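Q: Please take a close look at one part of this model, the place where two of its domains meet, and set it in the context of the rest of the chain. A careful, connected account would suit me best.

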Amino acid sequence: MFIKIPLDRWVESIISWLNIHFAFLFDFISSIISGLVGGFTLLFHAFPALIVIIFLTLLAYYFGRWRLALFAALGLLLILNLGYWEPTMDTLALVLTSALVSIVLGLPLGIWCARNHSIRSTLTPLLDFMQTMPAFVYLIPAVTFFGLGVVPGVIASVIFSIPPTIRLTNLGIQQVPADLIEAADAFGSTPYQKLFKVQFPLALPTILAGINQTIMLSLSMVVIASMIGAQGVGADVYRAVTQLKTGQGFEAGLAVVVLAILLDRLTQNVIGKKRKVNKSFALKKPLVITAIIAFCVVAFVVGIQKKSPSSTGDFVGEQVDYSIIGIDPGSGLMKAAETALQSYDLTSWKLIEGSSTAMTIALDKAYKEGKPIIVTGWTPHWMFSKYELKYLADPKNVFGGDEEIHTIVRLDLQADQPSAYQFLDNFEWKPADMEQVMVKIQEGQKPEEAASQWVEANPDKVNAWIKGIPKASGKKLKLAYVAWDSEISSSNVVKCVLESKLGYQVDMLQVEAGPMWAGIASGDADAMVAGWLPTTHKDYYEKFKGKFDDLGPNMIGTKLGLVVPKYMNLASIEDLIQK
């Protein structure tokens, strides 16, 4: 058997080295991008919604005539009516910034590729890699280098969306007829004149098609970027998905659709207008370009001026920018954290939505640098084994007492799969047991291997779970789980026991919390060992009550709350109140 190449560790080492030695560069890039996004956002919000709608409608009429103008007016008014105007403008600012950065970088690279075969040969496989790598993967280094918020969202969007601009710029220039190039050479044109007087104008329709695709791909990233704290209408879509709110998800998705169609039609009509090459438009072109550059410069200046500088004050709120790093929107922990902000009158604080992965990446970065950070946390979790952390005291008991993790199965499982039902009813373990599996997974082991090792190392506990249960001999079972470190550990341990000790064939279904409960209630999944009660999954429990069988807790002694590193001089949530 071949030894596995430690590619994951190599990548992590490279990222760690870059993060240490090029922190100044990442800070500089972050300032530029956050300034642009902030500037665009402030400009879009500076005017009443109706004024912005009228302006965009006139723009649509100029480029696309009355049909596009009518769509723009009706679509934008619908967004305003549904209450998604502000997040849609935030999304537009994010998309414009991503597209602008992609164009500024992509056009020169595309021209370079067209003029240099070696550069083209080098960039082509890199562009293939960028376009085929799952977009979620870009979120991890983006958060590591740039923290949470709009900046890593823009970075991930640029990586994902820049290839069309580079490819089509290269393609457009290469497709310029050879006889025209020969004519330009015959008339003594310099390389600069040949490029900008002959090649670039003739390739412009193809180049603009690439820019159009870049804008569309940037917009497709808005939901994914919301997982790392990039606000906008994508966050509303993500929140609706995790909470199983179909109506709200449709409304937020409709806002994305309207924005996508409007941007697509505008850029396509710009291409059509360019192709006509009428004299009046040629005369207006320098003015249009100047207006666009001026708008971007004003947006950047406004964004930089409005950006609050990092404070080194004594109060912890100033040190962490009055931010608490949260996890998935809609989870019970996030709802409890929002309630805590209200109960303790922390009106100046904000809770940043994202994901459990983004939260732990932000915690890891802050901890290594010795910086203050406040996150939403729960026990058991591997971060308490890796870092020295503490819960902030909760005098008002907003987060409640200890949580329990329940085993939830579909109705009629006892009749259909008695062996599985009995084992799941017997299954229980302690937080210390779970943490052993979680730490191994976090250190790089596959979940299946870590679970198998724990099962082999704890025969007494495993035998107590399966005592007297007949084997199933190949029967199939579907086990649902949410991709939290704790649930990955417990679900894989249950899967290992069901397969190795009872003879089942287990399919694992990784879903969000809402779909996980819905799957059990509908019978699409047979069981889960991931029901956090009475707080975290309270809403789902009440929504589907009567459509599942609660087998009781498989673990007690879990906890929710606000967590900080021990080196921070904080003891209670009340310490976050500025006095």
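A: In an unreviewed UniProt entry, the label "transmembrane region" is given to residues 14-36, 42-61, 68-85, 91-114, 135-162, 202-228, 249-267 and 287-304. In this predicted model, residues 14-36 are 96% helix and 0% strand, with 29 Å between the C-alpha atoms at the two ends, while residues 202-228 are 85% helix and 0% strand, with their end C-alpha atoms 41 Å apart.

The domain assignment divides the protein chain into domain 1, which covers 21-270, domain 2, which is made of 319-400 together with 566-576, and domain 3, which covers 403-558. The part to examine closely is the interface of domain 1 and domain 2, whose centres, taken over C-alpha atoms, are separated by 33 Å. At this interface, 17 residues of domain 1 are in contact with 13 residues of domain 2. The size of an interface is often expressed as the accessible area that is lost when the parts come together. For domain 1 and domain 2 the buried area comes to about 1100 Å², and carbon and sulfur atoms give 60% of it.

As for specific interactions, the rule finds zero salt bridges across the interface of domain 1 and domain 2, and it finds one residue pair in polar contact there, with both residues at pLDDT 80 or more. On the side of domain 1 that touches domain 2, at least two residues are supplied by each of α6 (139-146) and α11 (233-243). Sorted by class, that side of domain 1 consists of nine nonpolar, seven polar and one charged residues.

Although the rule finds zero salt bridges across that interface, the structure holds 12 salt bridges. One of them joins Asp 539 to Lys 335, where the closest N and O atoms are 1.9 Å apart. Because Asp 539 belongs to helix α25 (residues 538-543) and Lys 335 to helix α15 (residues 332-343), this pair ties together parts that lie 204 residues apart in sequence.

Some details of the backbone complete the account. The loop between β8 (527-533) and α25 contains Pro 534, and the peptide bond leading from Leu 533 to Pro 534 is cis, its omega being near 10 degrees. A cis peptide bond also joins Thr 379 and Pro 380, with omega about 10 degrees, and Pro 380 is placed in the loop between β3 (375-379) and α17 (383-386). Asp 321, found in the loop between α14 (316-319) and β1 (323-325), has a positive phi of about 60 degrees although it is not a glycine.

Note on methods: Residues numbered from 1 in each chain as written. Predicted model: local features only at pLDDT ≥ 70, side-chain atom pairs only at ≥ 80, totals over all residues. Heavy atoms only, no water. Domains from an automatic or database assignment. Contact = heavy atoms within 4.5 Å. Buried area = accessible area lost by both parts, 1.4 Å probe. Salt bridge = Lys/Arg side-chain N within 4 Å of Asp/Glu carboxyl O. Polar contact = N/O pair within 3.5 Å; in protein donor to acceptor, adjacent residues only side chain to side chain. Helix = DSSP H or I, 4+ residues; strand = E, 2+ residues; numbered from the N terminus. Nonpolar A, V, L, I, M, F, W, Y, C, P; charged D, E, K, R; others polar. UniProt positions renumbered as here; feature names shortened; annotations may be inferred.
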